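User: I've got a chain loaded in the viewer and want to know what backs up the labels people put on it. Can you take me through the reasoning?

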Amino acid sequence: VINLKRQQSSGSTDFYSIFGGSDSSKSSKSNKLETYSEGSGVVYMKSNGKGYIVTNNHVVSGSDAVQVMLENGKTVNAKIVGKDSATDLAVLSIDAKYVTQTAEFGDSKTLQAGQSVIAVGSPLGSEYASTVTQGIISAPSRTITTSSNQQTVIQTDAAINPGNSGGALVNSAGQVIGINSMKLSQSTDGTSVEGMGFAIPSNEVVTIVNELVKKGKITRPQLGVRVIALDGVPEAYRS
């Protein structure tokens, strides 16, 4: 999955550029698209003339356009059907004529520690597309805290590197049981660690992608609660 962004350009012959600066009022985006980042994805469904691909939200976030490099090396344009930052999932669509086979989801609730798994993706980008690494399930259900929220994920020691995001975590039957999402490279005190990768469980993936295809977004209830210091509350209310 290729995240494309438009080049930043500016009126370079202005007074400021002579001295190495630029007039921000003349800066603009050109129509030329450049590769900003690359990730991975899983073609999981073919329906209504479209092929649907699940990937991570952070893979396509901020893009001006998205392309998909298929297994045969052909690159095609893709459209973002919907995305959800809370679960870090997104769904893309491409023309169904490019889809010859789709992946099958397995039941992530049946996973056990020690079970063999394979991670498929494009670490460091398309140059290493279709890279496969093998490992085990370290923990089938691990709650971790991200910058935005808490997530329950599958922990694995299969090598997951930048560019693997959005790729498949597969069991020995060839079923997708998770979508690779992140890795932990060091602890909060700076200690380096290895073999700590995390994937979004397939059961959650299926629920979210079905909703994204249907509505284009995930709607969640919110409760209006805020915290205030008791010192600022009048005595009558405190009692």
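Analyst: Sure, let's begin in a loop: Asp88 sits between S6 and S7. Keep in mind that this is a predicted model.

User: Why is Asp88 called buried?

Analyst: Its relative accessibility is 11%. The cut-off for buried is under 20%, so Asp88 counts as buried.

User: What makes the phi of Asp88 worth a remark?

Analyst: Phi there is near 60°, a positive value in a residue other than glycine. Most residues other than glycine have a negative phi. Asp88 belongs to the hairpin of S6 and S7, with four residues between the strands.

User: Which other residue has a phi like that, and is it buried or exposed?

Analyst: Ser130 has a positive phi near 60° too, and its place is the loop between strand S8 (116-121) and strand S9 (131-145). As for burial, its relative accessible area is 48%. Buried needs under 20% and exposed needs over 50%, so Ser130 ends up partly exposed.

User: How do you know that S6 and S7 are paired?

Analyst: Pairing takes at least two bridges, and five bridges join S6 to strand S7 (residues 89-95), so they pair. The two run antiparallel. One of the matches is Ile80 with Leu92 in S7 as its bridge partner.

User: And what makes S5 a partner of S6?

Analyst: Again, count the bridges: four of them join strand S5 (residues 65-69) to strand S6 (residues 75-84), also antiparallel. With at least two required, that qualifies as a pair. Val66 stands opposite Ala78 in S6. S5 and S6 form a hairpin with five residues between them, and Gly73 in the turn has a positive phi of about 95°.

User: Why does Ala78 count as buried?

Analyst: Ala78 is in strand S6 and has 17% relative accessibility; buried means under 20%, so it makes the cut.

User: What does Ala78 touch, leaving aside its neighbours within four places in sequence?

Analyst: Ala78 is in contact with Val66, Gln67, Val68, Leu92, Ser93 and Ile94. Its C-alpha atom is separated by 37 Å from that of Thr188, 110 residues along the chain.

User: What makes a group of residues a nonpolar core, and which members of the largest one touch the most others?

Analyst: The members have to be buried nonpolar residues joined through side-chain atoms within 4.5 Å. The largest such core has 16 residues, with Val54, Leu89, Ile179 and Val205 touching the most other members. At least two residues each come from strand S3 (42-47), strand S4 (50-55), S7, strand S11 (168-170), strand S12 (176-183) and helix H2 (202-215). H2 gives the most, with four residues. Apart from this core lies another, of 13 residues, among them Val60, Val66, Leu92 and Val99. In soluble globular proteins, nonpolar side chains tend to be buried together.

User: What does Val54 touch?

Analyst: Not counting residues up to four places away, its contacts include Leu89, Phe105, Ile179, Val205 and Val209.

User: How many helices, strands and buried residues does the whole chain have?

Analyst: There are three helices and 13 strands. Of the 239 residues, 36% are buried. Among contacts between residues at least 6 apart in sequence, 60% join residues at least 24 apart. The accessible surface comes to about 14,100 Å², with 48% belonging to carbon and sulfur atoms. On charge, the chain has 20 positive and 19 negative side chains, with the centres of the two sets 9 Å apart.

Technical notes
Residues numbered from 1 in each chain as written. Predicted model: local features only at pLDDT ≥ 70, side-chain atom pairs only at ≥ 80, totals over all residues. Heavy atoms only, no water. Buried < 20%, exposed > 50% of the residue type's maximum accessible area, 1.4 Å probe, protein only. Contact = heavy atoms within 4.5 Å. Areas by Shrake-Rupley, 256 points an atom, 1.4 Å probe, with all protein chains shown as cover. Lys, Arg positive; Asp, Glu negative; His and termini not counted. Charge placed at Lys NZ, Arg CZ, Asp CG, Glu CD.
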